[in-house]
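The following exercises practise the reading of a protein model. Please attempt each task before consulting its solution.

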Amino acid sequence: MSAAAPTPLTPDCATERSARQAAGNLAKMYVTWFRQEFVLLIREPVAVFFSLAFPLVIYVFIGIPYANEELPGGIRFIDAMFPTLIGTVAANLLLMGLPIYLAELRTRAVIRRYRVLPLPGWMFAIACLSSMLVLVLAACAIIVTVVGAQHGLRPEMLSPAFLALCAGLLVWLSALGFLMGTLPVGSRTTQALSAVVFFVMFFGSGAAAPLDGLPEFLQRILDGNPLKQWFDVMVGVYVGSEVTTPQWLSLLIAVPLTIVCTWIGLRFWKRA
C-alpha cells in the first residue's frame with residue numbers, strides 16, 4: 001500500500017506559516033540581545049548600586065524624619081512622598097543612566113559594528129531600553145518593599161489609575177532619555193546634559209523640597225515642568241485627594257513629547 005502524498009500547502013497557509021516563523025525568529029533574537037545588554041549593564045556594579053541607592057538616600061534623609069507628620073487633609077508625609085520616590089527612580093535611570101549608556105555605545109562605535117550583523121536597528125534599541133527598564137522595576141521594588149515594611153502602603157497603589165500613571169511616566173521618560181542618548185555629541189557632553197535635565201526637572205518638581213518659598217514667577221515657570229505635573233497627579237491619585245481636570249489635561253503634554261522625542265531619536269539612531 002503506497003503512502004499518501006503530502007497535502008500541498010495553500011498560499012494562505014504558507015503565508016501564515018512564514019509569518020509564524022518570522023515572529024519566532026524575532027522573539028529569539030530579542031531574547032538573545034536583551035540578555036546580552038542586561039549582562040553588560042550589571043557588569044558595572046558601582047553605577048548600578050548608586051542608581052538604585054539614590055532614591056533610598058532621599059527616603060532616609062527626608063522621608064524617615066517626617067514620615068508620620070500629618071499634612072493638610074489628614075495625609076501622612078510618607079504617603080505624599082511615596083509616588084515621587086517611584087518617579088524619582090524612573091527619572092534617575094531613564095534620564096541619566098540610559099542616555100549615558102547609549103552615548104558610550106556610540107563613542108566606542110559598538111552600534112556601527114552591530115550593523116554588520118543581521119540585526120534590525122530597532123531590535124537593538126528595544127533590547128537596550130528593556131534591560132534598563134528591568135533595573136527601573138528592580139529599584140521600584142526596593143522602594144515599595146522598604147516603604148511598605150516601615151510605614152505601610154495605601155491600597156490605591158494597585159488602583160488602575162495609579163498603575164496607568166506609572167506606566168505613562170515610564171513611556172515618556174524612556175522617549176526623552178532615548179533622545180538624549182542618541183544626540184550626535186560626545187559622551188561627556190551627554191553626561192553633563194543628562195545630569196542638568198534630570199536635576200532641573202527633579203528639584204523643579206518639588207520632590208526634594210517644597211517650592212512654596214520660591215518667587216511666584218519662578219513657581220509659574222516650574223508649573224510647566226512635565227515631571228512636576230506628573231508627580232502632582234500621581235500623589236493626588238495615591239492619597240485619594242481630588243485631582244482637577246486641568247491637572248489631568250496637563251499630562252497630555254506627554255503625548256507630543258513622547259512622539260517627537262522618539263521620532264528624532266530614531267533618526268539620530270540610524271546615523272549613529
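**Exercise 1: Two aromatic rings**

Phe77 is partly exposed, at a relative accessible area of 22%. The model is a predicted one, in which local features need pLDDT of at least 70 and side-chain atom pairs count only at pLDDT 80 or more, while totals for chains, interfaces and linings use all residues. Residues are numbered from 1 along each chain as its sequence is written, and side-chain values use heavy atoms, with hydrogens and water left out.

Task: Classify the aromatic pair that Tyr66 and Phe77 form.

Solution.
1. Rings of Phe, Tyr and Trp (its six-membered ring) pair if their centres lie within 6.5 Å; planes under 30 degrees apart are stacked, over 60 edge-to-face, and the rest tilted.
2. For Tyr66 and Phe77 the centres are 6.1 Å apart and the planes stand at 70 degrees, and the pair is edge-to-face.
3. Tyr66 lies in the loop between helix 2 (45–63) and strand 1 (70–71), and Phe77 in helix 3, 11 residues apart. Helices (H or I, at least four residues) and strands (E, at least two) are DSSP runs, numbered from the N terminus.
4. Tyr66 is partly exposed, with a relative accessible area of 40%. Buried means under 20% relative accessible area, exposed over 50%, and partly exposed in between (1.4 Å probe, protein chains only).

**Exercise 2: A second pair**

Task: Determine whether Phe178 and Trp269 are buried or exposed, and classify their ring pair.

Solution.
1. Phe178 has a relative accessible area of 13% and is buried.
2. Trp269, at 4%, also counts as buried.
3. Their ring centres are 5.7 Å apart with the planes at 40 degrees, so the pair is tilted.
4. The pair links helix 6 (residues 160–182), which holds Phe178, to helix 11 (residues 254–271), which holds Trp269; the two residues are 91 residues apart.

**Exercise 3: The largest pocket**

Task: Describe the lining of the largest pocket.

Solution.
1. A pocket is an open set of points on a 1 Å grid over the protein atoms alone, where a 1.4 Å probe fits, with protein on both sides within 12 Å along at least five of seven lines; lining residues have an atom within 4 Å of a point.
2. The lining has 28 residues, and Ser205, Gly206, Lys228, Asp232 and Val235 lie nearest the centre of the pocket.
3. Helix 9 gives the largest share, seven residues.
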